[in-house]
Amino acid sequence: MNAAAGWRTGLKLRLNGKPHEAPEGTTLEALLRELDLHAERIAVAVNGVVQPRGGHPQVRLAEGDEVEVIHAVAGG
Amino acid sequence: MTSNNGIDDKLTLGSYTFSSRLIAGTGKFTTPEIMRDALAASGTEMVTVAIRRVDLQDRGKTSILGVLQEGGYTILPNTAACFTAEDAVLTARLAREALDTSLVKLEVIGDKETLFPDTEGLLEAARTLIADGFTVLPYTNDDPILARKLQDLGCAAVMPLAAPIGSGLGIRNPYNILHILRTVRIPVIVDAGVGTASDAAIAMELGCHGVLMNTGIAGAKDPVRMAGAMRRAVLAGRDAFLAGRIPRKLYATASSPLEGVVGT
């Protein structure tokens with residue numbers, strides 16, 4: 001994916017419990033952009049640690065990272 | 001929503017203050033419109049939401065937050081369906097990041113069938129989250145000792161279940177609720193089990209500071225009408241508690257004068 005942009009493929013992540021492939025060197029911000037997710041009203045944890053939205057551009061994802069993207073839903 | 005007699009009677013939870021003593025859940029409504037109208041009819045000022053993974057395959061769903069923000073409600077995220085302290089703590093931290101709130105309705109569930117709390121996990125998660133600056137409102141069982149421990153940890157309230165979540169069985173053990181009220185100084189909010197208006201009124205007549213309900217409203221045939229009934233029941237129960245009920249007696253006491261009765 002994104003071969004045209006000159007990125008090598010092959011960073012294997014777990015995204016919300018499912019396998020997901022991203023280019024090497026992907027940041028959290030880039031991943032969310034690729035998924036068309038806007039940082040407001042969602043929250044992200046990487047390997048069980050919440051990542052404050054202001055820091056997403058600095059978070060570089062690594063092989064095997066477990067990424068959780070959540071939002072609020074109806075519930076009691 | 002002030003009390004019936006216009007008395008200034010607020011519910012304080014940590015740094016949050018509410019005029020309504022009814023906290024409503026947002027789950028199980030058949031349409032967003034019914035939810036919106038029922039919440040409005042309930043008079044609630046704080047509503048719960050759950051925290052779940054974004055469905056990356058189906059992005060068409062509209063966010064519930066739009067409707068809730070239009071209503072001006074304080075959002076109370078829960079940690080429903082967390083079975084360990086670790087999961088509940090992570091869920092609370094994610095909720096804080098997503099919703100910009102330190103409030104959390106802390107649930108650590110011990111069993112799928114009853115949804116009763118895992119009390120060990122609850123205490124552990126409460127301790128961690130309070131140290132992390134959260135305003136913790138724990139869903140707990142109707143155990144006064146556990147309520148005291150939760151208070152001592154620094155919880156902003158205790159929220160004992162009246163009956164299992166969604167059961168509609170009402171206040172199964174009013175005496176334990178009374179024990180909790182006599183044991184702790186923080187607000188006591190009945191959370192779970194309220195099935196109809198009288199259940200909410202009984203909770204408030206016992207002296208509880210509030211009631212949290214979801215299925216009792218959302219599952220009624222006419223949720224909007226039931227929400228209004230619940231609003232009035234909470235107000236009536238609160239006023240009856242503040243007014244001070246008469247003692248129960250085994251025998252009659254005449255209400256009319258005993259003197260001057262015709263024929264005597």
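**Exercise 1. Classify Ala81(B) by accessibility and examine its backbone.**

Step 1. Ala81(B) has 48% relative accessibility, so it counts as partly exposed. The classes are buried at under 20% relative accessible area, exposed at over 50%, and partly exposed in between (1.4 Å probe, protein chains only).

Step 2. Place the residue. Ala81(B) sits in the loop between β5 (74–77) and α3 (85–99) of chain B. Helices (H or I, at least four residues) and strands (E, at least two) are DSSP runs, numbered from the N terminus.

Step 3. Check phi. Ala81(B) is not a glycine, yet its phi is positive, about 75°. Most residues other than glycine have a negative phi.

This is a predicted model, in which local features need pLDDT of at least 70, side-chain atom pairs count only at pLDDT 80 or more, and totals for chains, interfaces and linings use all residues. Residues are numbered from 1 along each chain as its sequence is written, chains are lettered from A and ligands numbered from 1 in the order in which they are written, and side-chain values use heavy atoms, with hydrogens and water left out.

**Exercise 2. Repeat the analysis for Asp100(B).**

Step 1. Asp100(B) occupies the loop between α3 and β6 (103–106) of chain B.

Step 2. Its phi is near 55°, a positive value in a residue other than glycine.

Step 3. Asp100(B) counts as exposed because its relative accessibility is 63%.

**Exercise 3. Describe the surroundings of Thr44(B).**

Step 1. Thr44(B) belongs to the loop between α1 (32–42) and β4 of chain B. With a relative accessible area of 5%, Thr44(B) is buried.

Step 2. List the contacts (heavy atoms within 4.5 Å). Leaving aside neighbours within four places in sequence, Thr44(B) touches Ser20(B), Leu22(B), Ile23(B), Ala24(B), Leu39(B) and Tyr73(B).

Step 3. Look for a hydrogen-bonding partner distance. The Thr44(B) side chain reaches the backbone oxygen of Leu22(B) at 2.6 Å.

**Exercise 4. Work out the hairpin of chain A.**

Step 1. Strand β1 (residues 11–15) and strand β2 (residues 18–22) of chain A run antiparallel, joined by 5 bridges. Two strands pair if DSSP finds at least two bridges between them.

Step 2. Fix the register. Leu11(A) stands opposite Ala22(A) in β2(A).

Step 3. Inspect the turn. The hairpin has 2 residues between its strands, and Asn16(A) in the turn has a positive phi of about 50°.

**Exercise 5. Characterise the interface of chain A and chain B.**

Step 1. Count residues. Chain A gives 26 residues to the contact and chain B gives 30.

Step 2. Take the area. About 2300 Å² is buried between the chains, with carbon and sulfur atoms giving 59%. Buried area is the accessible area (1.4 Å probe) that two parts lose on being put together, summed over both. In chain A, Arg41(A), Ala72(A) and Gly76(A) lose the most area to chain B, together 26% of what that side buries.

Step 3. Count salt bridges (a side-chain nitrogen of Lys or Arg within 4 Å of a carboxyl oxygen of Asp or Glu). There are 3 between chain A and chain B. One of them pairs Arg53(B) with Glu68(A), the closest N and O atoms being 2.7 Å apart.

Step 4. Assign elements. In chain A, β3 (42–46) and β5 (66–74) each give two or more residues to the side that touches chain B. β5(A) supplies the largest share, 7 residues.

Step 5. Follow β5(A) across. 5 bridges join β5(A) to strand β4 (residues 46–53) of chain B, and the two run antiparallel. Ala74(A) has Val49(B) as its bridge partner in β4(B).

Technical notes. A polar contact is a pair of N or O atoms within 3.5 Å; within protein, one must be able to donate a hydrogen and the other to accept it, and residues adjacent in sequence count only if both atoms are side-chain atoms.
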